[in-house]
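Please examine the structure shown here, with attention to its ligand and the residues around it.

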Amino acid sequence: MKRLDSCPRKDGFRMPAEFEEHAGTYIIWPERTDNWRNGAKPAQKVFTEVANTIGKYEPVTVVVSDRQYQNARGMLADYVRVVEMSNDDSWIRDCGATFVINDKGERRAVDWSFNAWGGLVDGLYFPWDKDDRIASKMCELEQSDRYRLDDFVLEGGSIHVDGEGTAMVTEECLLSEGRNPHLSKEEIEQHLKDYLNVDKVLWIHEGIYNDETNGHVDNMANFVKPGVVALAWTDDVNDPQYKRSSEALAYLESETDAKGRKIKVEKIYTPKPILISKEESEGVDAVDGTLPRVEGDRLAASYVNYYTGNGFVAVPVFNDPHDELAIKKLQELYPDRKIEPIYAREILLGGGNIHCITQQVPKIK
Ligand code: KQY
């Protein structure tokens with residue numbers, strides 16, 4: 001498929017919101033033992049549940065290394081497509097293609113540079129070259145031409161769009177030293193405008209406390225629909241999350257979106273702090289260059305890392321008293337979609353959650 005030198009804005013393509021209709025979802029099978037404990041077996045079970053659940057609603061493709069092909073094929077439901085693809089880890093939200101569509105029924109993709117969340121500054125593993133090629137391989141499977149940005153680092157989890165001209169990001173992530181230190185905030189914003197085809201960017205200051213992605217927005221806030229944002233929240237003033245969420249609330253409520261609507265914020269209470277146990281820490285291989293999993297470290301747990309698809313919302317839950325509240329709230333916010341809670345501590349232990357391990361392919365006319 002072709003590599004394009006123009007940009008979506010010039011060519012009349014835009015990134016649709018996740019809540020618009022999908023043609024399908026991609027997932028990468030987990031296997032690296034320096035990120036996933038116990039040989040990645042517990043993670044593989046949960047990834048299987050996520051893929052099989054989503055596959056009830058829309059086509060799912062799981063990409064997997066040759067080493068794990070037979071195991072993945074055996075574990076996943078027959079209705080899940082399994083395709084071999086080399087990879088470094090399993091965060092397709094971040095290394096995968098960001099698809100854009102136009103109103104003539106065409107789909108293309110944006111292929112950002114991927115550097116494992118900060119490259120040699122504070123990246124989470126080395127090397128990451130296989131992951132950086134995932135987007136172009138997805139484009140081959142989807143027969144999409146792609147806009148490749150060799151000089152602009154971005155992960156899909158660091159952006160959300162409302163499909164009507166507004167993007168939402170965090171300064172903590174997009175202005176971090178390990179991404180695009182050669183660009184000013186204004187230049188970064190212009191890249192978002194050109195490649196997502198949005199007119200306005202909402203800049204939340206920080207994301208979830210202790211999030212190893214430098215505060216991806218997808219763990220902190222999400223567009224429920226244009227003009228409505230779900231925000232991770234706590235009432236506990238002693239929790240370091242409180243300041244982050246309060247600042248985001250004040251900022252969003254003071255802002256309008258690209259269409260001039262005031263933003264309505266819906267609070268989604270976070271679970272109680274979740275810490276890595278001794279057993280969990282000991283199950284992960286220690287490898288130079290990979291972020292270690294240390295007993296007692298707080299994980300960046302948030303229900304906002306949910307995935308919205310055709311007729312469903314897949315929500316991470318943690319066996320926490322707040323699970324029920326999050327499910328109820330999300331059902332109110334998405335009255336026409338089935339809420340699918342999935343016990344996701346194993347994904348959280350790897351550093352993200354359901355949204356981070358999924359990537360939608362938007363439907364075209
Ligand atoms: O998007 C994410 N949350 C990915 C986190 C990567 C973690 C690698 N250990």
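The questions and answers below concern a predicted model.

Q: Which residues come nearest to the ligand?
A: The ligand is surrounded by 13 residues. Those that come nearest are Asn35, Asp94, Glu212, Gly350 and Gly351.

Q: How do the residues of the shell around the ligand divide into nonpolar, polar and charged?
A: Glycine is counted as polar in this grouping. On that basis, the shell around the ligand holds four nonpolar, six polar and three charged residues.

Q: What is the distance from an oxygen atom of the ligand to an N or O atom in the side chain of Asp94?
A: A polar contact requires a pair of N or O atoms within 3.5 Å. The side chain of Asp94 supplies such an atom, and its distance from a ligand oxygen is 2.5 Å.

Q: How much of the ligand's exposed area does the protein bury?
A: Polar side-chain atoms approach nitrogen atoms of the ligand at 3.0 Å from Glu212 and at 3.2 Å from Arg293. The ligand alone would expose 300 Å². Of this area, the protein buries 98%.

Q: Where does the ligand sit?
A: A molecule is assigned to a cavity if more than half of its atoms lie within 2 Å of the cavity's grid points. The ligand is placed in the largest cavity.

Q: Is Arg244 buried or exposed?
A: Arg244 belongs to helix H10, which covers residues 240-253. A polar atom of the Arg244 side chain lies 2.9 Å from the backbone oxygen of Gly207. Because its relative accessibility is 13%, under the 20% cut-off, Arg244 counts as buried.

Conventions:
Residues are numbered from 1 along each chain as its sequence is written. This is a predicted model: local features need pLDDT of at least 70, side-chain atom pairs count only at pLDDT 80 or more; totals for chains, interfaces and linings use all residues. Side-chain values use heavy atoms; hydrogens and water are left out. A residue is near a molecule or strand if one of its heavy atoms lies within 4 Å of it. A polar contact is a pair of N or O atoms within 3.5 Å; within protein, one must be able to donate a hydrogen and the other to accept it, and residues adjacent in sequence count only if both atoms are side-chain atoms. Accessible areas come from the Shrake-Rupley method with a 1.4 Å probe; for residues, only the protein chains shown count as cover. On a 1 Å grid over the protein atoms alone, a cavity is a set of points where a 1.4 Å probe fits but cannot get out, and a pocket is an open set with protein on both sides within 12 Å along at least five of seven lines; lining residues have an atom within 4 Å of a point. Helices (H or I, at least four residues) and strands (E, at least two) are DSSP runs, numbered from the N terminus. Buried means under 20% relative accessible area, exposed over 50%, partly exposed in between (1.4 Å probe, protein chains only).
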